[in-house]
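Trainee: I am new to this one. Can we go through the terms and test each against its definition?
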Amino acid sequence: MYLSAGNLQKISITSHLEIPAGTVFSLPEKVLQFGTGVLLRALPDFIIDRANNKALFNGRIVIVKSTTGGDIRAYNKQDGLYTVCIRGVDNGMQIEKNCIISSVSRVLSASDEWNAVLETAASPHMQVIISNTTEVGIALTNESIHAMPPQSYPGKLLSFLYRRYTIFNGDVTMGMVVIPTELIPGNGDKLLAIVKELAHLNNLETSFMNWLEVANYFCNSLVDRIVPGRPSLAEQQILEDTLGYKDELVIMGEAYALWAIESDNERVKEILSFTHGSEEAIVTGDIYKFRELKLRLLNGPHTFSCGLAWLAGFTTVKEAMADEHFSTFIKGLMFDEIIPAITGKTIDEDEARVYAAKVMDRFRNNFINHKWLSICLQYSSKMRLRNMDILVNYSNRFDTIPSHMALGMAAHILFMRVTEQDGKFYGEANGSQYLVEDQHAALYAAYWKNYPVDLLVDKILNDEQLWGNNFFLATGFKIQVAYWLALMLDNGAKYTLQYICKKI
């Protein structure tokens, strides 16, 4: 038996399974979501579902699938229903529960059903737009917003907003609350700036430009939950036997969850009623502290260590954290280098250390199989956005080289030693190939092909395309990166990991 609206009554209610009430299927569509990723489904969609069950939001989500890979048949077969399996520890208590999420009404393919997406702009119930298109998704592309569909996410968003403006004749009460969740500082501000520039490039009328700014609210936001995605085949079989149904969309997530949305506007707070009474979703006037702690002490360590962990032979985060050398490396990276680089006027050292300790526990979560290769997706852009400011801050504050960061950067460069095969890029480690999905993979391949190791590091770390034209790294840091890279090439990543921990 597959999970579906018609089969809900056949599923046995247990203490470990939450089943939605049938009334949720009649709720109006209030949210347009760009992205089908597991983070959106396990956090914003999860939070909206919880609010619907409490009659606090009373609205469902239309998801737009923007990528061409995969399909949406499972969503259609299961009537948008899927299971989120929450596993972890919260305040010393083991959490193990399964929630059938019913907040998604339907999923539309942007490439095949763009007219249907635009038709949702005519609904007076529509109020909120959510996105997670990865860090590279919020970028300006000079394109026509009248394409079917536009290529970029900002192009699709502007196309929708312009259609809505036209349908409602510029009614200021019909604007949208736009909440990007991409891990970019000031993501809402940046998205608005791109949309405005794209509107100018498309020669849209002044009255629309005024409506865009007056009637719509672009909110910076931060999402924080580790969501590794689907369980293994063995775990899924156990779940199906326990729950009594099959679910092609089931995902795993940790117990910890936070969605912080930045706004002081009372209208925004009213619209985002799913945050009312929630411990997991908040609207606040300033999310800087939440963003910095999460970006630097959760995502930053992930990015500094993902290449190193993979090259050292670890498949998942929990597997690596069970290794004393890797665990020591992560602790030294976070407590000895990152925290000193980020604390000061805005972030207190004590609260940073408390958050970091929680992150260590989250990394050790035995229930979650968070794969390092998934974390390595778009590795180069994540390294730039999450960690370069930390490197600069550390260099400005201290007269020493951050060894753990230098090793993390060296491992990044080694992980990106790729070659092209049939239009895709592959690296090799521990006797097997791995796929590298990175917008700069071809650039790294060229560097590795054309330069000896002694010149490679300097060339890569001076590349403005990778790091920006205002980025500066001390010569001593580059020398240490080159040292760690040579050590890994000669002795392997696992030996180097042990060496930095002074265990051999």
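**Terms put to the test**

Mentor: Start with helix 2, in what is a predicted model. Pro44, Asp45, Phe46, Ile47, Ile48, Asp49, Arg50, Ala51 and Asn52 of helix 2 are buried.

Trainee: What makes a residue count as buried?

Mentor: A relative accessible area under 20%. Nine of the 10 residues of helix 2, residues 44-53, meet that, so the helix is largely enclosed by the rest of the structure. Just after helix 2, Ala55 has a positive phi of about 60°.

Trainee: Which strands form the open sheet, and in what order?

Mentor: Three strands, in the order 10-12-13, with mixed pairing.

Trainee: Why are strand 10 and strand 13 said to stand at the edges?

Mentor: Strand 10 (221-224) and strand 13 (281-284) each have a single partner strand, so one side of each lacks a neighbour in the sheet. From one strand to the next, the twist averages 10°.

Trainee: How do you know that strand 12 and strand 13 pair?

Mentor: Pairing takes at least two bridges. Strand 12, residues 258-262, and strand 13 have four bridges, in the parallel sense. Therefore they count as a pair. Among the bridge partners, Ala260 goes with Ile282 of strand 13. Glu262 goes with Thr284 of strand 13.

Trainee: Which side chains of strand 13 are buried, and which are not?

Mentor: The side chains alternate along strand 13. Ala281 and Val283 point to one face and are buried. Ile282 and Thr284 point to the other face and are not buried. In a regular strand, side chains alternate between the two faces of the sheet.

Trainee: What makes up the right-handed β-α-β unit?

Mentor: Strand 12, helix 9 (residues 266-271) and strand 13.

Trainee: Why is helix 12 called roughly perpendicular to helix 15?

Mentor: The axes of helix 12 (residues 324-342) and helix 15 (residues 379-397) cross at roughly 85° and come within 8 Å. Angles of 65 to 115 degrees count as roughly perpendicular. So helix 12 is roughly perpendicular to helix 15.

Trainee: Which residues make that contact?

Mentor: Helix 12 gives Asp336, Glu337, Ile338, Pro340, Ala341 and Ile342. Helix 15 gives Ile390, Asn393, Tyr394 and Arg397. By class, the contact of helix 12 with helix 15 has six nonpolar, one polar and three charged residues.

Note on methods
Residues are numbered from 1 along each chain as its sequence is written. This is a predicted model: local features need pLDDT of at least 70, side-chain atom pairs count only at pLDDT 80 or more; totals for chains, interfaces and linings use all residues. Side-chain values use heavy atoms; hydrogens and water are left out. Buried means under 20% relative accessible area, exposed over 50%, partly exposed in between (1.4 Å probe, protein chains only). Helices (H or I, at least four residues) and strands (E, at least two) are DSSP runs, numbered from the N terminus. Axes are lines fitted to C-alpha atoms, for helices over the stretch in contact, and angles run from 0 to 180 degrees between N-to-C directions. Angles under 35 degrees count as roughly parallel, over 145 as roughly antiparallel, 65 to 115 as roughly perpendicular and the rest as oblique. Contact means heavy atoms within 4.5 Å. Ala, Val, Leu, Ile, Met, Phe, Trp, Tyr, Cys and Pro count as nonpolar, Asp, Glu, Lys and Arg as charged, and the others, Gly among them, as polar. A crossover is right-handed if, with the strands pointing away from the viewer, the path from the first strand over the helix to the second runs clockwise.
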